Structure formats: C-alpha cells, structure tokens
Amino acid sequence: MNKQDRYLTFALGKGRLVNNTMELLEKCGIHCEEVTDKSTRKLIFTNEELKLKFFLAKGPDVPTYVEHGAADIGIVGKDTIMEENRSVYEVLDLGFGKCRMCVCGPESARELLNHHEMIRVASKYPNIARDYFYNRKNQTVDIIKLNGSVELGPIVNLSDVIVDIVETGSTLRENGLTVLEEICPLSARVIVNQVSMQMESARIQKLINDMKENL
Amino acid sequence: MNRKLLHTPEGVRDLYGLECSDRILIRSLINAKMKSYGFEDIDTPTFEFFDIYSTEISNNSARELYKFFDKDGNTMVLRPDFTPSVARCVSKYFLEDNKPVRFCYDGKTFLNTHSLQGKLKENNEIGAELMNDDSIYADAEMIALLVESLQAVGLTEFQISIGDADYYNGICEEAGISAETEAEIREQITNRNTFAADLIMEENNISDKYRQLIKSVSTCIGDASILEKAGSIVTNDRSQNSIKRLQALYKVLCSYKIEKYISFDLGMLSKFNYYTGVMFHAYTYGVGDAIAKGGRYDNLLEGFGKSAPAIGFMINVDDVMRALYSQHIKLEHEDGVVVLSFTDDDFEATLAEAQKLREGGKKVILSKK
C-alpha cells in the first residue's frame, strides 16, 4: 500500500448536519455532489481527484467508525461524542448545528433538582445524563433509556424530568415543559482517528486548517 | 451435547491452526530480537494484589479491572499490564548494585472493557523493560528495539511517534496553572480538542500568551524539524530541556539509522501522570489504535521502596496480527505437513518412513486408508 494511493475516508452523521458539512467542504474545494443526492442508493462516494471517500452513517455510529479506523475523519454532533465516549481526537468545532443539552420537565419538577432525593430521568442519552447527575450534581437518579419522543416521559408520568437536546424549545413549550437546567452547549465537531492523525498528519492537518479558514 | 456452551464469552476467542502458529512465530521473532539486545526473560503471576496497580490507575479505569477476593478477603486483580509487576519484582531482587537491568516478558493481560465495542478483553502482550539507566542512550535503545521488533515480523510501513510531557508541564508550571485545572486541560489536549482546552483556560483567566502556547502543543506533530520551532517559542527551562533531550535522542536514533520511522508529537500526554519523560507510540495501517506503547516511568519503582529510573514498552500481539493481515503481509513458516497413508498390511513400513522423516525435522501425519 503506497501512501499516495491511500484514500482518506470521511464518515458523516446522517441528518441535518450533512448539507452544512458538504457546503463547507465545497468552500474548501472538495466536491462530491452525490452525497447530498437523495435519489442515489450508493453507500460510499468517491472523489478520485483528491483521493477522498465519503459515507453516511447513523450519528452514534460515526465515533465507532472513526475509533476503529474504518473512517479517518468523522463529522458528528457533540452530543453523540459525549454519549459514545470513544477514544478519538476531537479537533475542530464547526459551529453549525448549534443547540443545547438540557434537563427539562414541568415547572413543578424544578424543586426536585435542588435536593439529593432520587428522581427518575428519561433520556436518549443515558451516559450524558448519568455523568451529569452523578459526577456534577451528585444526585441519585434512576435513568430510563428511551429512543425517541422523550418529551412524553414527564407527560405520561414515566419520569420526573428528561435530558435531551433543545434547539428552539418549541416542542417543549407545546407540551407544557420547560428548560430547568442547561448541561452544555452543542454543535457539530470534526473527529479524527488517532492512527490517521499520525500516519497522515500532513494531509489531515491541511484539511482541518482549510475547514477552519472557511468556517 | 449442550449447544449453548459452544461459543466463547464476549471479548475472548479461540485461536487455532495457521493463526495460532502465526502468533507463536510473531512472539518468537520479537523475543529473539529482544534477546539480541541482552534482555532476559521474566514471568510474573497472572493475578496480584490490587494495590500493585492502584498507583498507576485512576478510579475510572479501576472499574475495568477483573477483581476478585482471596480466602482472606484481599482484593486480587488479573494483571491489566505487566510493568507494575516487573517493577515490583525488580525492586525486590535486582537493584542492589545499581547496574542496568534488562527484562522482557510475553503473556496475556486482562481488561474488562466495555461490551459491544469490538475490543478484546484478553490481549497478548510482549514487552521489554530497561531499569536503572536514565540516559538518552537507554531511550534510544528501547525505541530502536521496538523498530527492529516490528521489522522482524515483516511490518514496513509504521511510525514511531515520540513525545515528552515535560514540554507541556513546563509551560503549565510557568503559567502557574493549578493541578486541578492542569488535569482538565491535559484531558482536552490529549484528545486534541484545542477549543475545549481554550475554553477551560479562558474560564481560569490564564493569560493569552500561555493560552496560545498550550494550544500549539496539541498540533505539534511532525518530523524532527518541529522540535526547533517548539523550542524557540518557549522560555522556561523545563520545556527547553525537554526539547534539548528530544533533539539529542533524535541524534542517537539517527546513528541507529531508523530516523525514517520517527516522528514527534508533543501533544502526546499520559492521562495518569504515569510516564515521567519520553513517551512513544507505534502506529501502522489497519489498526485503529497504537500497536505498541512505551515510555519512561522514573517514579514507579519508588512505590516499591527502591527509587530507580526505568523505561519500557509493550507490543500488542493481537493488534500486530491484525495489521499484518490487513496489509496482506505473509509470515514465513517452515514446510507444511506430509501425510502418509497406511493400510493394516504396510503399517510397519510406513511407520518406519514416518519416524525417519520426523527425525529429519519434517511434520508427518499418519492416516489410515
């Protein structure tokens, strides 16, 4: 395997980050229109000229691909990086896809967060929730993992509060919930495999700098 | 038969046939290299008291140890790493006369890592430790030994990345950063997350000059030319000394003629302050993490009552095999097996022939027609 022949592979988290990411890459002179083409059924896209490959993956899988070196570079939300907690280099904050990780619930639940009594927390992000309550708040909690529509939790009395991403807060308001505490801000990040960073250091650092300049 | 018992638990596996021979061959090739540098074999127990490992391991990774109790209620640990055991043994028996001590080991280590991440819980490691020598010649010898070990198994495209935490520590010391904040920053620098590191520094009112310096640490990756640049931007003695030492080390490595495998990475920091000086990782294609790790740990032996400098490294044999297979590098085994078939009538004659071949070093299987 020759160094010049080697492809650098990007794993992109499916969803709203993809268009922003491809726009940014376009600005850096990297073209791959196929990626945003909804009609194609191809899984992997190639830019022969620059020796780059792209594939789309479900968000939580992106850090996994990058950790194992199946992809050299990944672009994914901070929430996923925190939840998956893989050993990858997190090298750049892309600034788009901004939102917040919050503890939300009905106003009446605010009081519960000021004590150390056990409460029930529903979340798609059990690791983030556990870390926040155990290590930062030192509060005992019962974490219930849900896979979607987490807002239902407090409404149907499955949990006292939820830990979820808040973008505008409109879903919360419509359902009588509110942000009780903010855990951290989120945005899209560039992650890099540890081995790739050493073996392809020049190419990757150039890519990162190009992206940084075009933000 | 109970079919439920046919598969292994998660994180461990059977190895047989060619793969198993490959592993044995790799181990013997590397062991032979280590012997050629005068290293002697050492074997330590598979399990030890928990306290042997407690100094090097944070609370978080203590969860990943396999722990159990002996009859007296002491906590035992299946070894996650050889170095502390070797250090314990060496400080007990070998350090009377302050001469350099060279040991190499080969065995299994155990880590109860997270499930479903595709990582083995039982790993084969080969490593070497050189104690009682704090010179750059010792550093260079270990790095050269690592390079030759990887070459011996047939790897050609790999990189040894060398760092020294003292460069970063010197900057932190000069900036007067508290230990707690320093640990937070270090975690981010280790992940190359400069913006998070910068945020922490901003919150702690660290001056712009040091913020820039610390941020530059994480991107200091490249060939020997980065050392000069890194040395020119710092003024404190500790950082400058670390750069001088790395430059001197590079010179010795050039004498070994292995400079094409060497790169430097000043952002390589160890999470637990285990290493005290030079650190190095070996990387190659086909594996997502370093295949070998090592460094200087001058404080570890002190914990066992004998203060002595030491440097060591370990190679993960399972990762080396994965790298070889994914790079399509074949290991050269001796000839294959000869199959001689016999019938009831000519058994005696066939057996005689087989015995003769076996004595001549051939592998022979007798099979009934």
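What percentage of the 369 residues of chain B count as buried? The figure is 37%. This structure is a predicted model, and the report below walks through its two chains, their interface and a few local features.

## The two chains

Chain A has 215 residues, and 39% of them count as buried. Its secondary structure consists of 8 helices and 11 strands. Chain B has 13 helices and 14 strands. The table sets out the overall figures.

| Chain | Property | Value |
|---|---|---|
| A | Box filled by C-alpha atoms, along the principal axes | roughly 60 × 35 × 30 Å |
| B | Box filled by C-alpha atoms, along the principal axes | roughly 90 × 55 × 45 Å |
| A | Contacts between residues at least 6 apart in sequence that join residues at least 24 apart | 66% |
| B | Contacts between residues at least 6 apart in sequence that join residues at least 24 apart | 71% |

## Where the chains meet

The chains touch. On one side stand 16 residues of chain A, in contact with 19 residues of chain B. Which elements of chain A each supply at least two residues of the side that touches chain B? They are strand E5 (89-93), helix H7 (194-199) and helix H8 (201-213). H7(A) gives the most, with 5 residues. By character, this side of chain A divides into 6 nonpolar, 7 polar and 3 charged residues.

## Helix H4 of chain A

Now look inside chain A. Helix H4 spans residues 126-136, and its buried residues are A:Ile128, A:Ala129, A:Tyr132 and A:Phe133. These four cover an arc of only 115° around the axis, so they sit on the same side of H4(A). The spacing fits a general rule. An α-helix has 3.6 residues a turn, so residues three or four places apart point the same way.

What covers these buried residues? The cover includes helix H3 (78-84) of chain A. It also includes several strands of chain A: E6 (99-105), E7 (119-123), E8 (141-145), E9 (161-166) and E10 (178-186).

Just after H4(A) comes A:Asn138. This residue is placed in the loop between H4 and E8 of chain A. Its phi is near 55°, a positive value in a residue other than glycine. Most residues other than glycine have a negative phi. Is A:Asn138 buried or exposed? It counts as exposed, because only 8 C-beta neighbours lie inside 10 Å and the cut-off for exposed is 12 or fewer.

## Two helices crossing in chain B

In chain B, follow helix H1 (residues 17-36) to helix H12 (residues 317-326). Their axes come within 10 Å and cross at roughly 110°. H1(B) and H12(B) are therefore roughly perpendicular to each other. The crossing is right-handed.

Which residues make the contact? H1(B) brings B:Asp22, B:Arg23, B:Ile26 and B:Arg27. H12(B) brings B:Val317, B:Val320 and B:Met321. Together these residues divide into 4 nonpolar, no polar and 3 charged.

## Loops of chain B

Past H12 comes another positive phi. B:His328 is found in the loop between H12 and strand E13 (337-342) of chain B. Its phi is near 55°, and B:His328 is not a glycine. B:His328 is exposed, with 8 other C-beta atoms within 10 Å.

B:Asn205 belongs to a different stretch of the chain. Its place is the loop between helix H8 (194-203) and helix H9 (208-218) of chain B. B:Asn205 is exposed, with 6 other C-beta atoms within 10 Å. How far apart in space are B:Asn205 and B:Ile177, C-alpha to C-alpha? They are 9.8 Å apart, and 28 residues apart in sequence.

B:Asp298 lies in the loop between strand E11 (292-296) and strand E12 (310-316) of chain B. Here the surroundings hold 16 other C-beta atoms within 10 Å, so B:Asp298 is partly exposed. Leaving aside neighbours within four places in sequence, B:Asp298 is in contact with B:Asp134, B:Thr276, B:Gly277, B:Pro309 and B:Ala310. B:Gln117 is 181 residues from B:Asp298 in sequence, and the two are 34 Å apart in space, C-alpha to C-alpha.

Technical notes:
Residues numbered from 1 in each chain as written. Chains lettered and ligands numbered in written order. Predicted model: local features only at pLDDT ≥ 70, side-chain atom pairs only at ≥ 80, totals over all residues. Contact = placed C-beta atoms within 7 Å. Nonpolar A, V, L, I, M, F, W, Y, C, P; charged D, E, K, R; others polar. Axes fitted to C-alpha atoms, helices over the stretch in contact; angles between N-to-C directions. Parallel < 35°, antiparallel > 145°, perpendicular 65-115°, else oblique. Left-handed = near helix turned anticlockwise from the far one by under 90°. Buried ≥ 20, exposed ≤ 12 C-beta atoms within 10 Å, placed from the backbone. Arc of directions from axis to C-beta.
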